[in-house]
Amino acid sequence: MGTKTWNQQVVKKNNKALVFQMIIEKEPISRADIAQISGLNKTTVSTFVTELIEEDLIFESGPGVSSGGRRPVILHFNKNAGFAIGIDIGVNYVLSVLTDLKGNILIEKNQPLTRTTYATVMGIVQDMIQSLMDEMPKSRYGIVGIGVGVPGIVNNEGTILLAPNLGWSNIQFKEDLEKLYEVPVIIENEANAGAVGEQQFGAGQDNENILYISAGIGIGVGIIVNKELYKGINGFSGEMGHMIIDMNGKRCNCGSRGCWEAYASEQALLEMADENIDSLETLIQLAENNDKKAKSLFEDIGNYLGFGMNNIINTFNPDQVIIGNRLALAKKWLEAPIRNTIETHTLAFHQNDLQLNFSKLGKYSTSLGVSAFVVDNFIKG
Ligand SMILES: [Zn+2]
C-alpha cells in the first residue's frame, strides 16, 4: 500500500511536469491539445493546469482559434514567474545577466578583471548579484537560482578542482554562494555552458552533435552528443585545450608542454604580438587598419585553431563545430585560415556534412547556458 501511494505520487509529479513542459515548449496551447498530444485524460490535464495557474507558472488568455465547436482558452508559460542569474567568469572579465525563464536577458553587468584571486572575483560577483537583485522586476519566485560558468575543471558536486588560468584549485564556490543567497547554485565549466547556450538559443539550435570551441585566454570544448551535453564520468570532459600538438613545445599553464591552447588561444595571440599590444581588441583594430603583422598573427592563430579542430573533428564526426568566446570577435580574420587548414588536413569524409560556424550569442554563450541550467533545475523542481 505504502509503495503504491509513493508510486502514484511519482506518477503524478511526472505527469504534471510533462504538462508543464508541454506548455513551455508549445505555447500557446489549449488543454484539449495537451490531452491529445500527451495521452493524459482531460480531467487530469485540467487538474494540473489549475495547479500550475495557482502557482503562477502559467496563465490563461482566451479564446483561441476554434477547430469547430467552442473556442478553447489558451495557456501560456509565465516566463516572468521568476528570474535566473547567469554569471560567466572569464580570465579577464566577469559578465552577469539576469534572464527571464525563457532566457531573455533583462539586465547585464560587465567588469574587466585584472586580478583573479578568489576573494577579488567573489567580491565582484557578490556586487553584481546584489545590483541585479536590486534592479529586477517583482515576481512570485524572485531569483530561482544562480549559475556560474568558470574556465576550469568542475566536478559533479560543483567544486572547482582546478582553474589554471585563474590560479584556483579546490574552490567551494557553490557552497559559498548558496550560504549567502539561499537559492540553488549551479557551477559549470564555461565551455560546457557555452555549448548549451548556443544549442538552446544560438547557432546550434538545429544540430544534434556539436563541438563548441571556447577560445578565450584558454581553450575548452563543450561536447553535445545526440542533443545532450556529454560530461564524462566526473564532469571533466572537453579539456581539449590540453591536447598536445607539439611534444617538445611551449610550456602551458597546466604544467605540461605543447598544449593546443598554448598555440591557439587569446593568450597565445597576445604573447606573439608586440609588447605594447595589450588586448585582442587592439589587434583587431590594427588588422582593420591593414596592419600586416596583426593580420599575419591572426592567420597563425587561425591555422593553429584549425589543427586542433582537425584532431577533434576526426575523433567525433560532428555535424557542427561552433567557435565561440573571445576569439570569435576576430571571425573576419580567423575564419579563412581555419577553413583552409581543415580543408587541407581533415579527412574528407568528415567535411561533407560538417557545418562550421561562429557563435551567434557572442559574449553571452556561457552566461545564457548557465542560466538555462538554473531554469531547467527550477522547472523540473
Ligand atoms: Zn596544458
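Where is the place of Lys227 in this chain? Lys227 sits in the loop between β13 (219-225) and β14. I shall return to this residue after introducing the model.

Good morning. The structure is a predicted model, in which local features need pLDDT of at least 70, side-chain atom pairs count only at pLDDT 80 or more, and totals for chains, interfaces and linings use all residues. Residues are numbered from 1 along each chain as its sequence is written, and side-chain values use heavy atoms, with hydrogens and water left out. The names of elements follow DSSP runs: helices are H or I runs of at least four residues, strands are E runs of at least two, and both are numbered from the N terminus.

Let me begin with the backbone. Lys227 has a phi near 75°, which is a positive value in a residue other than glycine. Lys227 is also partly exposed, with a relative accessible area of 47%. On this scale, buried means under 20% relative accessible area, exposed means over 50%, and partly exposed lies in between, using a 1.4 Å probe and protein chains only. Glu182, in the loop between α5 (173-181) and β11 (185-189), likewise has a positive phi, near 50°. Glu182 counts as exposed, because its relative accessible area is 73%. A further backbone feature is the peptide bond from Glu27 to Pro28, which is cis, with omega near -5°. Pro28 belongs to the loop between α1 and β1.

I turn now to the strands. Two strands are said to pair if DSSP finds at least two bridges between them. How many residues of strand β4 (residues 83-89) are buried? The count is 7 of its 7 residues. Phe83, Ile85, Ile87 and Ile89 point one way from β4, whereas Ala84, Gly86 and Asp88 point the other way. Strand β4 has a parallel partner in strand β7 (residues 143-150), with 6 bridges between them, and Ala84 stands opposite Gly145 in β7. With β5, strand β4 pairs in the antiparallel sense over 6 bridges. In that pairing, Ile87 is opposite Ser96 in β5, and a hairpin of 3 residues joins β4 to β5.

There are also open sheets to consider. One has 3 strands in the order β1-β3-β2, with antiparallel pairing. Its edge strands, each pairing on one side only, are β1 (29-30) and β2 (58-61). Between β2 and strand β3 (residues 74-77) there are 4 bridges, and Phe59 has His76 in β3 as its bridge partner. Another open sheet of 3 strands follows the order β8-β9-β10, again with antiparallel pairing. Here the edge strands are β8 (153-154) and β10 (168-171). Strand β9 (residues 160-163) is joined to β10 by 3 bridges, with Ile160 opposite Ile171.

Next comes the metal site. Which residues are the protein donors of the zinc ion? They are His242 (ND1), Cys252 (SG), Cys254 (SG) and Cys259 (SG), at 2.0 to 2.3 Å from the ion. Donors are N, O and S atoms within 2.8 Å of the metal (3.2 Å for Na, K and Ca); water is not among the atoms, so sites may look incomplete. The angles among the 4 donor atoms are 103 to 121°, and the site is tetrahedral. Four donors earn that description if all angles lie between 85 and 135 degrees. Along the sequence, the donor spacing is H-x9-C-x1-C-x4-C. His242 is partly exposed at 22% relative accessible area, and Cys254 is partly exposed at 35%.

Finally, I come to the pockets. On a 1 Å grid over the protein atoms alone, a pocket is an open set of points where a 1.4 Å probe fits, with protein on both sides within 12 Å along at least five of seven lines; lining residues have an atom within 4 Å of a point. The largest pocket has a volume of about 680 Å³. Its lining comprises 22 residues, and those closest to the centre are Gln21, Glu25, Gln200, Ala372 and Asp376. Helix α13 (365-380) gives the most to this lining, with 7 residues. The second largest pocket holds about 450 Å³ of space. Of its 24 lining residues, Tyr93, Glu281, Arg326, Leu329 and Lys363 are the closest to the centre.

Methods. Tetrahedral: all angles 85-135°; square planar, octahedral: opposite > 155°, others 65-115°. Points joined across faces, edges and corners; volume = space filled by probe spheres on them.
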